[in-house]
Amino acid sequence: MESLEKSDGLQDFRIVTVFLSGVVQLKDLSGKRVLITGGANGIGKSMVEAFDATGAMVSFCDINSSQGNALEEATKCAKFTLLDLRVEDQVRQWIDQSAEIDGRIDVLINNAASDPRIEFESMTVEQWDDLFARNIRAYFIAAQQASPRFPARGGAMINFSSITVHKSPAKMEAYVSTKAATIGLTQSLARELGPRNIRVNTLSPGWVMTDRQLEEFVTPEVKQMLRREQCIAELILPGEIAKVALFLASDMSSAITGQEFLVDRGWACSG
Ligand SMILES: NC(=O)c1ccc[n+]([C@@H]2O[C@H](COP(=O)([O-])OP(=O)(O)OC[C@H]3O[C@@H](n4cnc5c(N)ncnc54)[C@H](O)[C@@H]3O)[C@@H](O)[C@H]2O)c1
């Protein structure tokens, strides 16, 4: 019950889970094997907690061992693997090992990404390649390795893009390119994997108040700007993104594939 007191946007979901366990909407995720990349921090961490609370069997990976191990300890049964998503063999091995546990994968969430601000004129090819390796190449490798391991009844993949594809910020050319590519990957994969009942969707968060965003980028001026430009002023919490991931992973969204979900409190509406 301690989790009910946390202010991370997941309260109402947990109440449903605690007081109405077995409720139709979330029951289908119980026992499902859910893989989450970059699960040790931020939105990924909220998703690990949310899926774990539904009774899903979560496997998550991250490059940050201390945060990953601490989160594994704090969950019911989520399993952490230390790896670098830029290394192909490590990604394929993690997918295979996770699939071996119950002989299948039901949900894959490609979440990990890096979003540095880099001056365009001084950006190096190495920096460009590094972002492509983390933010989109790893999504392809994970999806390719996971897709044959989905059961005949199918499942769901969720690829993380970003509000930045719609707002076009400067100093983020490589990041925004990877996030636009994610939308293309989702659409093509939805067509490719549809015949096998695997739904593939893009989740694009607005500006979310994760620990790292608050430490590195969210100034009082940014908060003021968001409150002015979002349709609803309240700042977005990581748990609110996790709730949309639960929806896209569950049978509640059984008719939805190939789509982008912009979870931005209407920021993109302001043009
Ligand atoms: N937070 C936001 O405001 C925001 C806005 C739009 C889109 N997004 C997207 O949402 C997703 C999650 O973002 P976040 O803000 O929670 O990020 P975050 O930086 O808080 O967490 C990302 C996690 O990925 C891990 N990671 C990074 N590189 C890795 C690698 N090579 N191998 C393994 N793990 C690696 C990090 O260690 C970290 O735990 C990303 O795809 C991001 O682009 C976030």
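User: Which residue types count as nonpolar, charged and polar here?
Analyst: Ala, Val, Leu, Ile, Met, Phe, Trp, Tyr, Cys and Pro are taken as nonpolar. Asp, Glu, Lys and Arg are charged, and the others, with Gly among them, are polar.

User: How do the residues of the shell around the ligand divide in this model?
Analyst: The model is a predicted one. The ligand has 27 residues around it. By type, the shell holds 11 nonpolar, 10 polar and six charged residues.

User: Which residues come nearest to the ligand?
Analyst: The shell around the ligand has 27 residues to choose from. Those that come nearest are G38, N41, G42, A113 and F160.

User: Which helix gives the most to the shell around the ligand?
Analyst: Two helices, α3 (42-54) and α9 (211-216), each supply at least two residues of the shell. The top contribution is three residues, and it comes from α3.

User: How many helices and strands does the protein have, and why is it called as compact as a globular protein of its length?
Analyst: The count is 11 helices and seven strands. For 271 residues the globule rule gives 18 Å, and the protein is close to that, so it is as compact as a globular protein of that length. The radius of gyration behind this statement is 18 Å.

User: What share of the contacts with a separation of 6 or more is between residues 24 or more positions apart?
Analyst: The C-alpha trace spans about 50 × 40 × 40 Å along its principal axes, and 42% of the 271 residues count as buried. Among contacts with a separation of 6 or more, the share from residues 24 or more positions apart is 74%.

User: Which strands stand at the edges of the sheet?
Analyst: The seven strands form an open sheet with parallel pairing, in the order β3-β2-β1-β4-β5-β6-β7. Two strands have a single partner strand each, so one side of each is left without a neighbour in the sheet. These edge strands are β3 (79-82) and β7 (260-263).

User: By what angle are neighbouring strands of this sheet turned against each other on average?
Analyst: The sheet in question is the open one, with parallel pairing. With direction ignored, the average turn between neighbouring strands is 20°.

User: Is β2 enclosed or open to its surroundings?
Analyst: In a regular strand the side chains alternate between the two faces of the sheet. On one side of β2, M57, S59 and C61 are buried, and on the other V58, F60 and D62 are buried too. Six of the six residues are buried, so β2 is largely enclosed.

User: Which residue is the bridge partner of F60 in β3?
Analyst: β2 (57-62) pairs with β1 in parallel through five bridges, and L35 stands opposite S59 there. With β3, β2 also pairs in the parallel sense, over four bridges. In that strand the bridge partner of F60 is F80.

User: At what angle does α3 run to β2?
Analyst: α3 lies across β1 (33-37), β2, β4 (107-110) and β6 (198-205). Helix α11 (238-249) also packs on the sheet, touching β1, β4, β5 (155-160), β6 and β7, with its direction at about 165° to that of β6. For α3 and β2 the angle is about 165°.

User: Is G31 buried or exposed?
Analyst: G31 sits in the loop between α2 (24-27) and β1. Leaving out residues up to four places away in sequence, G31 touches G55 and M57. The cut-off for exposure is 12 or fewer other C-beta atoms within 10 Å. G31 has 12, so it is exposed.

How values were computed. Residues are numbered from 1 along each chain as its sequence is written. This is a predicted model: local features need pLDDT of at least 70, side-chain atom pairs count only at pLDDT 80 or more; totals for chains, interfaces and linings use all residues. The radius of gyration is taken over C-alpha atoms; the globule rule is 2.2 Å times the number of residues to the power 0.38. A residue is buried if 20 or more other C-beta atoms lie within 10 Å of its own, exposed if 12 or fewer, and partly exposed in between; C-beta atoms are placed from the backbone. Two residues are in contact if their C-beta atoms, placed from the backbone, lie within 7 Å. A residue is near a molecule or strand if its C-beta atom, placed from the backbone, lies within 6 Å of it. Two strands pair if DSSP finds at least two bridges between them. Axes are lines fitted to C-alpha atoms, for helices over the stretch in contact, and angles run from 0 to 180 degrees between N-to-C directions.
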